[in-house]
Amino acid sequence: MDIDEIKQVLMKNLALDEAIVSGDGSHFQVIVVGTIFDGLSRVKQQQAVYAPLMEYIADNRIHALSIKAYTPAQWQRDRKLQGF
């Protein structure tokens with residue numbers, strides 16, 4: 001599985017403004033931005049991101065996944081601090 005495939009799955013299945021995927025092999029990091037995360041706990045945010053990727057996790061194409069989920073307002077503020 002490559003980063004473009006993961007990005008495509010996330011963008012297709014979730015109402016996202018942006019998805020940034022990095023990593024290689026079976027270890028990936030994702031930053032996702034969307035109003036879908038507004039008012040959700042961190043656990044619920046992660047569950048929302050895991051859901052469309054479960055088949056890839058189950059067959060080990062994705063072994064490890066680090067998720068950072070933001071609302072558009074949070075991302076606007078935090079990306080300045082992270083240099084994006």
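Buried here means under 20% relative accessible area, exposed means over 50%, and partly exposed is what falls in between (1.4 Å probe, protein chains only). What you're looking at is a predicted model, where local features need pLDDT of at least 70, side-chain atom pairs count only at pLDDT 80 or more, and totals for chains, interfaces and linings use all residues. Residues are numbered from 1 along each chain as its sequence is written, and side-chain values use heavy atoms, with hydrogens and water left out.

**View A. The buried side of helix 1 (3–13).** Helices (H or I, at least four residues) and strands (E, at least two) are DSSP runs, numbered from the N terminus. Helix 1 buries Ile6, Val9 and Leu10. Those three sit on the same side of helix 1, because they cover an arc of only 95° around the axis; the arc is that of the directions from the helix axis to the C-beta atoms. Flip to the face turned away from that buried side and you'll find the exposed residues Asp4, Gln8 and Lys12. As a rule, an α-helix has 3.6 residues a turn, so residues three or four places apart point the same way. The packing partners of the buried residues of helix 1 are strand 1, strand 2, helix 2 and helix 3 (54–58).

**View B. The buried side of helix 2 (42–50).** Here the buried residues are Gln45, Ala48 and Val49. Again they end up on the same side of the helix, because their arc around the axis of helix 2 is only 95°. Helix 1, strand 2 and strand 3 are among the elements covering them.

**View C. The largest nonpolar core.** A nonpolar core is a set of buried Ala, Val, Leu, Ile, Met, Phe, Trp, Tyr and Cys residues joined through side-chain atoms within 4.5 Å. The largest one has 19 residues, and those with the most contacts inside it are Ile6, Leu10, Val30, Val32, Val49 and Leu53. Two or more residues each come from helix 1, strand 1 (18–24), strand 2 (27–33), helix 2 and strand 3. Zoom in on Ile6: setting aside residues up to four places away in sequence, Ile6 touches Met1, Val21, Phe28, Val30, Leu53 and Ile62, where contact means heavy atoms within 4.5 Å. In soluble globular proteins, nonpolar side chains tend to be buried together.

**View D. Leu16 and its neighbours.** Leu16 lies in the loop between helix 1 and strand 1, and at 11% relative accessibility Leu16 counts as buried. Gly34 is 18 residues away along the chain, yet the C-alpha atoms of Leu16 and Gly34 are separated by 4.4 Å. Neighbours within four places in sequence aside, Leu16 is in contact with Leu10, Met11, Val32, Val33, Gly34, Ile36 and Phe37.

**View E. Thr71, Pro72 and Trp75.** Thr71 is found in the loop between strand 3 and helix 4, and Thr71 is buried, with a relative accessible area of 9%. Apart from residues up to four places away in sequence, Thr71 touches Val33, Gly34, Phe37 and Asp38. Pro72 lies in helix 4 and is partly exposed at 29%. Pro72 contacts Asp17, Val33, Gly34 and Thr35, leaving out neighbours within four places in sequence. C-alpha to C-alpha, Pro72 and Asp38 are 8.9 Å apart in space, with their positions 34 residues apart in sequence. Trp75 is in helix 4 too, and is buried, with a relative accessible area of 3%.

**View F. The largest pocket.** A pocket comes from a 1 Å grid over the protein atoms alone: an open set of points where a 1.4 Å probe fits, with protein on both sides within 12 Å along at least five of seven lines, and lining residues have an atom within 4 Å of a point. Its volume, about 220 Å³, is the space filled by probe spheres set on the points. Lining residues include Arg42, Gln45, Lys68, Tyr70 and Arg77. Helix 2, strand 3 (64–70) and helix 4 (72–82) each supply at least two residues of the lining, and strand 3 gives the largest share, four residues.

**View G. Asn60 in its loop.** Asn60 lies between helix 3 and strand 3 and is partly exposed, at 48% relative accessible area. Phi of Asn60 is near 70°, a positive value in a residue other than glycine.
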